[in-house]
Amino acid sequence: TSNKRTLRTLFRPAALPPPVISETSPSQKKLLAYHRSKEQQEVLDQLLIDRALEVYYITMDETDKKDAAPPIAERPSTVRKYFSIILKYLFMKKRVQRNPMIPIQRQWLRSMLALVPQSLMEGRDRQLLTEELLKEIVRDYEKSMQRCVLRRVLVKPDIKELDKLEEETPLPLLPLGLDFSSTWHNSYIKAKQQIISTLHILHPTMKTLLDFSYTAFFNFLLVDFSSSRLKGPVDCKALKTDASLSCCKAEEEIMSTWYQRVVGLFSQSEALDGVKLDQLESFYNCVAVLMSNQLKGLLQRTTEVFVKLFDPEDRSRLPLFKMDLTYDENRMEFYPSLQDLEEAILFVVDCIGQTLQNVQTMRAWLTGGTATVDAELPAHTVQWAKSTLKKSIRDNLEGPKEHFKGYVESYGWLVDGTAEERINRFIAEQPSFDEYT
């Protein structure tokens with residue numbers, strides 16, 4: 001016999017216990033059967049461990065075998081214990097891996113495809129490549145989810161031999177040299193505190209100004225021609241005069257009521273409660289902006305109401321204009337002309353826009369300055385109003401134009417010299433009395 005260690009000498013086959021035959025009671029039989037099954041399970045586990053040791057030893061390199069042989073021979077119980085833990089972990093790992101995983105959402109895949117330029121998605125080969133990429137993404141997702149669930153459910157034993165049995169690539173590391181830390185929180189807190197300390201619109205005085213401004217301008221219009229149709233036809237000159245007088249009276253009323261109330265509000269010492277000395281300029285700038293918004297809103301609302309009078313779909317409030325059909329210097333024409341009518345209507349828009357343009361700011365009123373509140377109508381509002389009115393005027397004047405055309409066709413020859421020429425030619429021919437008749 002040789003002293004060389006072999007697998008058979010190292011791992012002797014386990015012998016089954018001899019059977020015991022005796023007369024026993026049912027309870028004793030039940031107890032013996034329990035012990036027997038337990039012993040059989042231990043034997044089975046021992047056989048599985050021995051088999052795993054053999055397989056593991058065979059797959060080892062020669063250098064690893066030399067390093068692993070002494071501890072296996074000297075401490076077989078410790079090695080068997082380790083491999084028992086490994087087998088149980090691998091068994092539980094397979095059970096966990098068999099559990100169904102949550103599939104990837106289709107919306108995520110569509111979002112990924114949306115990031116790819118359309119030029120790279122065209123062509124049959126590109127489509128096949130896209131499908132392969134999506135399959136690879138799904139596989140990576142399922143694999144990552146499986147590993148994530150496994151790490152959350154099972155605790156991997158700290159055994160070096162287990163790393164060799166598991167063919168598992170390490171998780172990807174974060175890119176080196178990139179900083180993913182959040183630096184916005186401190187700046188957000190700082191900006192929030194600055195807004196709270198400088199946002200003067202939250203001041204109680206601003207709330208009071210906003211309240212009585214809303215009350216003063218809620219149902220107020222600089223020009224109101226909504227009932228002009230009931231008064232009958234008006235001429236262009238009267239329209240301009242009424243618009244100018246109405247705007248002047250409205251401005252006087254605003255300056256004597258609303259503006260005087262604003263002045264009284266900021267003349268009180270309580271109006272600046274809580275406002276620091278270095279914040280006075282920004283505080284009064286906020287007041288100027290608030291007053292500007294109120295005045296601009298009034299002008300814009302008045303303009304919109306005036307333009308709505310000429311709505312082609314609702315002619316119940318369309319103003320009536322007096323126009324004469326005149327004959328002068330052998331010509332028939334309207335007076336005032338259609339161009340003059342259009343200019344008169346557009347004049348109302350300009351008149352509204354020129355109102356309330358000299359309202360002093362509170363800072364200027366208190367310090368004796370000349371700065372005024374920005375109450376100019378926005379350019380896009382003026383452009384919209386004039387273009388809408390021109391189209392409406394053009395559509396509504398189609399009837400008068402047809403009426404004028406009928407007059408010219410029927411009687412134009414009487415006034416353009418045609419009739420006189422025919423009479424002179426008839427007389428020059430010296431007709432007979434019957435022809436005269």
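This text walks through a predicted model, from its nonpolar core out to its surface and its backbone exceptions.

Start inside. In soluble globular proteins, nonpolar side chains tend to be buried together. Here the largest nonpolar core has 56 residues. Leu222, Phe266 and Met291 have the most contacts inside this core. Which elements give two or more residues to the core? They are α9 (204–217), α10 (236–256), α11 (258–267), α12 (280–308), α13 (338–353) and α15 (379–396). Helix α12 provides the largest share, 12 residues.

Next come the aromatic rings. A pair of aromatic rings is described by the distance of the centres and the angle of the planes. The whole structure holds 12 aromatic pairs. Take Tyr407 and Tyr411. Their ring centres are 6.1 Å apart and their planes meet at 45°. The pair is therefore tilted, since that class covers angles that are neither under 30 degrees nor over 60. Both residues sit in helix α16 (residues 398–415). They are four residues apart, about one turn of the helix. Tyr407 is partly exposed, at 31% relative accessible area. Tyr411 is also partly exposed, at 44%.

Phe426 and Tyr436 make another aromatic pair. Their centres lie 5.7 Å apart, and the angle between the planes is 90°. That geometry is edge-to-face. Phe426 belongs to helix α17 (residues 418–428), while Tyr436 belongs to helix α18 (residues 433–436). The two residues are 10 apart in the chain. Phe426 has a relative accessible area of 32%, so this residue counts as partly exposed. Tyr436, at 46%, is partly exposed as well.

Rings also group in another way. Phe225, Phe306 and Phe310 are linked into a cluster by ring pairs. Phe347 has a charged partner: the charged end of Lys240 sits over the Phe347 ring, 5.6 Å from its centre.

Now return to helix α16, this time from the surface. Leu325, Tyr407, Val408, Tyr411, Trp413 and Leu414 make a nonpolar surface patch of about 530 Å². Five of the patch residues come from α16, the largest share. Tyr407 and Tyr411 therefore appear twice in this account, in the tilted ring pair and in the nonpolar patch.

Charged pairs follow. Side chains of opposite charge can pair when their charged atoms come close. How many salt bridges does the structure hold? There are four. One of them joins Asp211 and Lys207, with the closest N and O atoms 3.4 Å apart. This bridge stays within helix α9, where the two residues are four apart, or about one helical turn. Asp211 is partly exposed, at 41%. Lys207 reaches 54% relative accessibility, so Lys207 counts as exposed.

Another salt bridge spans much of the sequence between its partners. Lys296 pairs with Asp374, and their closest N and O atoms are 3.2 Å apart. Lys296 lies in helix α12, while Asp374 lies in the loop between α14 (362–367) and α15, so the bridge ties together parts 78 residues apart in sequence. Lys296 is partly exposed, with a relative accessible area of 23%. Asp374 is partly exposed at 43%.

Asp350 and Lys386 also meet in a salt bridge, at 2.9 Å from N to O. This bridge links helix α13, home of Asp350, to helix α15, home of Lys386. The partners are 36 residues apart. Asp350 is partly exposed, at 31%, and Lys386 is partly exposed, at 25%. Helices α13 and α15 are also among the elements that contribute to the nonpolar core.

Finish with the backbone. Tyr335 and Pro336 are joined by a cis peptide bond, with omega about -5°. Pro336 lies in the loop between β2 (331–335) and α13.

Leu356 is not a glycine, yet has a positive phi of about 60°. Its place is the loop between α13 and α14. Is Leu356 buried or exposed? With a relative accessible area of 0%, Leu356 is buried.

Gln430 has a positive phi too, about 50°, and is not a glycine either. Gln430 sits in the loop between α17 and α18. Its relative accessible area is 69%, so Gln430 is exposed, whereas Leu356 is buried.

Notes
Residues are numbered from 1 along each chain as its sequence is written. This is a predicted model: local features need pLDDT of at least 70, side-chain atom pairs count only at pLDDT 80 or more; totals for chains, interfaces and linings use all residues. Side-chain values use heavy atoms; hydrogens and water are left out. Rings of Phe, Tyr and Trp (its six-membered ring) pair if their centres lie within 6.5 Å; planes under 30 degrees apart count as stacked, over 60 as edge-to-face and the rest as tilted. Buried means under 20% relative accessible area, exposed over 50%, partly exposed in between (1.4 Å probe, protein chains only). A charge sits over a ring if NZ of Lys or CZ of Arg is within 6 Å of the ring centre and within 35 degrees of the ring normal. Patches are made of residues with over 30% relative accessible area and no salt bridge: like charges are joined within 9 Å, nonpolar side chains (Val, Leu, Ile, Met, Phe, Trp, Tyr) within 5 Å. Accessible areas come from the Shrake-Rupley method with a 1.4 Å probe; for residues, only the protein chains shown count as cover. A salt bridge is a side-chain nitrogen of Lys or Arg within 4 Å of a carboxyl oxygen of Asp or Glu. A nonpolar core is a set of buried Ala, Val, Leu, Ile, Met, Phe, Trp, Tyr and Cys residues joined through side-chain atoms within 4.5 Å.
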